[in-house]
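Please open the model in your viewer and keep the selection tool at hand. The tour goes from one helix face to a whole chain and ends at a contact between chains.

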Amino acid sequence: MLQSGVSLGELVIDVDRNTARRYAAASGDANPIHVDDAAAAKLGLPAAIAHGMWTMGAALGLLDQAGIRADQVVSTFCRFGKPLVLPSEGETVPLLVTGAVTKLADDVATLALEVHAGTERIAKIEVQVRA
Amino acid sequence: MSPCDVAGAADRGRTGASVGNYLSVIGDSLSRMAIDPSFVGRRYFAPPVKVRAAEVAEFAASVQQDASVVPLTFTMKLAQPVLAQFFADPELGIALERTVHADQGFMYHRPIAVGDDLSTELSIAKLRHRGTADWVSIAIEVAAGVDPVISIASTFIISEES
């Protein structure tokens with residue numbers, strides 16, 4: 001199943017202001033740039049941004065959807081290329097996660113996930129799993 | 001591979017180009033002194049905390065996942081006390097509200113289960129000053145007693161106080 005070139009399908013999640021509020025509460029990450037536009041503006045950001053760790057955590061949901069168990073996962077690595085700027089209150093922006101197997105060697109498969117918000121790629125994730 | 005190797009591998013790869021986007025977003029301001037490189041190796045420790053079912057469920061829901069397994073990123077919640085010590089260290093002069101995340105890696109030595117008592121130790125792995133920001137790479141070892149459970153590597157971009 002985890003042959004090189006195999007697609008892992010896709011996952012779409014609607015992101016809104018509450019996404020960041022809920023993650024802030026659940027994770028204990030109190031960085032105000034995720035909930036407060038004024039705090040984000042001090043860093044030159046156009047509005048509050050999603051937590052990188054929310055993006056990574058939500059994107060890894062693709063693994064479960066593709067039938068990969070958590071106890072198979074050896075490592076995950078996420079590079080955050082661009083901030084996920086949150087939409088205005090009451091609006092949503094779609095997070096799209098896609099992925100494929102890029103390598104299978106010694107019973108360890110390497111997976112490459114791409115994360116888009118709207119049309120922009122915001123993150124790439126590499127995952128190694130026991131095949 | 002250690003978590004530092006994970007971070008280092010990314011660093012040698014595409015990180016420079018991709019997080020350049022962050023720098024352009026963060027913008028330009030007056031330069032100040034970088035964090036003293038002698039802080040590399042500084043450590044912060046937090047005693048064991050128990051993994052609780054209700055916290056796992058709340059966290060899983062917040063990342064749109066099924067609560068039947070502990071999410072692969074849950075240890076960042078467990079690491080909050082040790083991260084708080086790091087961000088509040090007056091000698092470093094950094095601040096959470098000036099921080100964005102550049103990259104994040106986890107190595108899973110064994111799955112986490114509800115009821116585990118897990119300690120966290122953070123160490124500063126690498127410090128760089130680029131343009132108007134400090135790039136700080138840290139490693140966090142999550143352990144059950146002496147047994148390693150998860151190794152975390154994070155790189156943060158901490159912009160200057162304006």
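Begin in this predicted model by selecting V82(B), L83(B), F86(B) and F87(B), the buried residues (under 20% relative accessible area with a 1.4 Å probe, protein chains only) of helix 5, residues 80-88 of chain B. Looking down the axis of helix 5 of chain B, you find these buried residues within an arc of 135°, so they line one face of the helix; the arc is that of the directions from the helix axis to the C-beta atoms.

Next, add what these residues pack against in chain B, including strand 1 (43-50), helix 4 (75-78) and strand 3 (117-130).

Widen the selection to chain B, which has 5 helices and 5 strands, taken as DSSP runs (H or I, at least four residues, for helices; E, at least two, for strands) numbered from the N terminus. Of its 162 residues, 52% count as buried.

Finally, select helix 1 (residues 17-27) of chain A with helix 3 (residues 53-62) of chain B, whose axes, lines fitted to C-alpha atoms over the stretch in contact, are 9 Å apart at an angle of about 155°. These two helices are therefore roughly antiparallel (over 145 degrees) to each other. Their contact (heavy atoms within 4.5 Å) involves, among others, R22(A) and Y23(A) from helix 1 of chain A and E58(B) and F59(B) from helix 3 of chain B.

Residues are numbered from 1 along each chain as its sequence is written, and chains are lettered from A and ligands numbered from 1 in the order in which they are written. Local features need pLDDT of at least 70, side-chain atom pairs count only at pLDDT 80 or more, totals for chains, interfaces and linings use all residues, and side-chain values use heavy atoms, with hydrogens and water left out.

Definitions and conventions
Axes fitted to C-alpha atoms, helices over the stretch in contact; angles between N-to-C directions. Parallel < 35°, antiparallel > 145°, perpendicular 65-115°, else oblique. Buried < 20%, exposed > 50% of the residue type's maximum accessible area, 1.4 Å probe, protein only.
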